[in-house]
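Please look through the sequence and the structure below before reading on. The briefing that follows is arranged by topic, for use beside the model.

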Amino acid sequence: MTSKLATLNAWVQEVAALTQPSHIHWCDGSAEENASLTQLMLDRGDLIALNADTHPDCYLHRSHPSDVARVEHLTFVCTKHQEDAGPNNNWMHPTEAHAEIDALFAGCMKGRTLYVIPYCMGPIDSPIARCGVEITDSPYVVANMRLMTRMGSAALARIERESQFVRGLHSTGDLDPTRRFIMHFPEELTIKSIGSGYGGNALLGKKCHALRIGSWQARKEGWLAEHMLIVGIENPQGETHYVAAAFPSACGKTNLAMLIPPDGYRQAGWKVWTVGDDICWMSPGDDGRLWAINPEAGYFGVAPGTGAKTNANALAMLNREAIFTNVAVTADQQPWWEGLDDRVPAKDWKGNDFVPGNGPAAHPNSRFTVSARRCPSYTERAEDARGVPISAIVFGGRRESLVPLVFESRDWTHGVLVGASMASETTAAATGAVGVVRRDSMAMKPFCGYNFGDYFAHWLSFDKPGAKLPKIFHVNWFRKGADGKFLWPGFGDNLRVLEWMLKRCEDRADAVETPIGHLPKKADLNVEGLRISDHALDQLLQIDEQGWAHEFEAITEYLDEFGGRTPPALRAEAARIAALLLQRNDQAA
Ligand code: OXD
Ligand code: MN
């Protein structure tokens, strides 16, 4: 097969000449194609069938033990000028980068099949959606892309109509970490990734296209490509507000996207609808509001911690047609991970006999891949070509101290500063130390395909006459008390905080003004049916003005890292708040 699009054919031929595969297969996304690829992977041992009674059509993949997470130190943004990539990215000149990575691609598909995967990020008929083609030598990537994107014939037809697509070239190479690179060429709408089969490095539609290249396209075209979940909150009156929320990896995005309301809320008629759990593309509509689509069609979620109490919706979608990567298995071949239940698994994620006390059974970044449609809270609105209108944007991080449960920004500029100055303790989703606080603007530190200074300016540019922008909030579910325990119960109870935010969006709740933003009055947070002490609530809603003055010193230093690219309006906003805090501290002294 070939395509009607000459540029696509020529590129496939060019890649084949470099990589020298034995076969070329154009993916149509059909069930037959998926069945035959699954059989191939079972025969090769790339997949292991799970218990067919409890988990029909579910498979386990064990990756190479050195290939279990995104590799930020090997991820590059290759623009002609280094300042365009910014200090937030590793940079290499495109000429040098192509030469270095093409040398690794030379002959790397000998004896393998080259798969051509046409895909669409977003509903196939959405004007906000964008297309790409991934070439890979990994059938595991094909199977995952089929769940995670609209992949196959319909996407190819759109690509042929538009004659524009993002080019992604991937090979698992030899999995040698010293011969591994994930390179982005935003000026050429091109991605090249070699040496890793891990989702974030290999499913090129996700982080590489939908965020790094997507953010570049979004800036050029006037929209936003963000690391955000999209969730619909329906109140007992039947009105639904859509919220987009950015959290760093493994901070509970999937749980929030699939939140199950606490009993009292459920009985009162509250419902929660899942549009997306990781990525959000937002574009201003004719009405001045921001309209959002989930560019993905599936979830590539973190398995550990997913249990009946934390995310019953996710559990319900994981018992058929799912791919598990690096989880443990029970003696009867059911997938298992820490936080699932009290059973003791038989084999750990590497396939060795599980020995309790000898480290976790499932890798902390083990994952499930499943179609979004399998989620009980999935809404058909996720398929709407126009997207959904966004009422509120939420930024959040994992912070043991200082940062209160929730606060609201005063206006859009302040909200952009809140997003830009976000910080969080690192998790297992990327290789490197876990638990270190780092600034992670809009949770996009690993994913923004250009200079953060320009990105902040792009965010600010949405505030123009006629715009009806969402309110911007910040949350912290992870605040700890002096005893080291979490102060807030989190999970379903986070709806209590969302309710306050939505009331604020409708002008139906009061707030306390503080230098860092508006906080709920204690009485306005619904804690009915919740066992939480007054003292804990006080701590969650308290502002440590001295601590915040130090935080603003650090924020100001951080904004300076982007030099002349940092928008003056953002510096001025930070200076305004820093001055307020100093004044308050002087008064208190
Ligand atoms: C992810 C991540 O996989 O953010 O979603 O790392
Ligand atoms: Mn993510």
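The points below cover the metal site, the pockets, the cavities, the nonpolar core and some individual loop residues.

This is a predicted model, and every value given here was computed from it. The manganese ion (ligand 2) has three protein residues as donors, Lys 207, His 227 and Asp 278, while the largest pocket lies between domain 1 and domain 2, because both give residues to its lining.

**Manganese site**

- The manganese ion (ligand 2) is coordinated at 2.2 Å by the NZ atom of Lys 207, the NE2 atom of His 227 and the OD oxygen of Asp 278, and along the sequence these donor residues follow the spacing K-x19-H-x50-D.
- His 227 sits in the loop between β12 (224-226) and β13 (228-234), and Asp 278 sits in the loop between β15 (271-276) and β16 (280-284), so this pair ties together parts that are 51 residues apart in sequence.
- His 227 counts as buried because its relative accessibility is 1%, and Asp 278, with a relative accessible area of 9%, is buried as well.

**Pockets**

- The largest pocket holds about 830 Å³ of space and is lined by 42 residues, with Ala 250, Cys 251, Gly 252, Asn 255 and Arg 398 lying nearest its centre.
- Two or more residues of that lining come from each of α8 (205-221), α9 (253-257) and β18 (298-302), and the largest share, 4 residues, is given by α9.
- By class, the lining of the largest pocket divides into 19 nonpolar, 15 polar and 8 charged residues.
- Domain 1 (6-46 + 70-222) and domain 2 (226-296 + 381-547) both contribute to the lining of the largest pocket, which is why this pocket is placed between them.
- The second largest pocket holds about 550 Å³, and of the 26 residues that line it, Pro 261, Pro 262, Asp 263, Gly 492 and Asp 493 lie nearest the centre.
- Helix α10 (residues 263-268) supplies the largest share of the lining of the second largest pocket, 5 residues, and this lining comprises 12 nonpolar, 8 polar and 6 charged residues.

**Enclosed cavities**

- Rolling a probe the size of a water molecule over the atoms shows where empty space is left.
- In this model, the count comes to 2 cavities of 30 Å³ or more, and the largest cavity contains about 150 Å³ of space.
- The largest cavity is lined by 17 residues, of which Phe 407, Val 418, Ser 421, Trp 548 and Ile 555 lie nearest its centre, and the classes represented are 11 nonpolar, 3 polar and 3 charged.
- Helices α12 (412-420) and α16 (545-560) each give at least two residues to the lining of the largest cavity, and the largest share, 4 residues, comes from α16.
- The second largest cavity contains about 30 Å³, and its lining is made up of Glu 33, Asn 34, Leu 37, Val 142, Ala 143, Arg 146 and Met 151.
- At least two of the residues lining the second largest cavity come from each of α2 (31-44) and α5 (139-148), and by class the lining has 4 nonpolar, 1 polar and 2 charged residues.

**Nonpolar core**

- In soluble globular proteins, nonpolar side chains tend to be buried together.
- The largest nonpolar core here has 173 residues, and Phe 324, Phe 395, Phe 456, Trp 459 and Phe 552 touch the most other members.
- Strand β6 (residues 113-121) gives the most to this core, 7 residues, and the core draws at least three residues from each of domain 1 (6-46 + 70-222) and domain 2 (226-296 + 381-547).

**Individual loop residues**

- Pro 446 lies in the loop between β26 (437-439) and α13 (452-460), and its relative accessibility of 9% is why it counts as buried.
- Pro 446 and His 73 are 373 residues apart in sequence, whereas their C-alpha atoms are 9.8 Å apart in space.
- Most residues other than glycine have a negative phi.
- Asp 57, although not a glycine, has a positive phi of about 55 degrees; Asp 57 is found in the loop between β2 (48-49) and β3 (59-61) and is partly exposed, with a relative accessible area of 46%.
- Asp 507 is likewise not a glycine and has a positive phi of about 60 degrees; Asp 507 is placed in the loop between α14 (494-505) and β28 (512-514), and it counts as exposed because its relative accessibility is 71%.

Conventions:
Residues are numbered from 1 along each chain as its sequence is written. Chains are lettered from A and ligands numbered from 1 in the order in which they are written. This is a predicted model: local features need pLDDT of at least 70, side-chain atom pairs count only at pLDDT 80 or more; totals for chains, interfaces and linings use all residues. Side-chain values use heavy atoms; hydrogens and water are left out. Donors are N, O and S atoms within 2.8 Å of the metal (3.2 Å for Na, K and Ca); water is not among the atoms, so sites may look incomplete. Buried means under 20% relative accessible area, exposed over 50%, partly exposed in between (1.4 Å probe, protein chains only). On a 1 Å grid over the protein atoms alone, a cavity is a set of points where a 1.4 Å probe fits but cannot get out, and a pocket is an open set with protein on both sides within 12 Å along at least five of seven lines; lining residues have an atom within 4 Å of a point. Grid points are joined across faces, edges and corners, and a volume is the space filled by probe spheres set on the points. Ala, Val, Leu, Ile, Met, Phe, Trp, Tyr, Cys and Pro count as nonpolar, Asp, Glu, Lys and Arg as charged, and the others, Gly among them, as polar. A nonpolar core is a set of buried Ala, Val, Leu, Ile, Met, Phe, Trp, Tyr and Cys residues joined through side-chain atoms within 4.5 Å. Domain bounds come from an automatic or database domain assignment.
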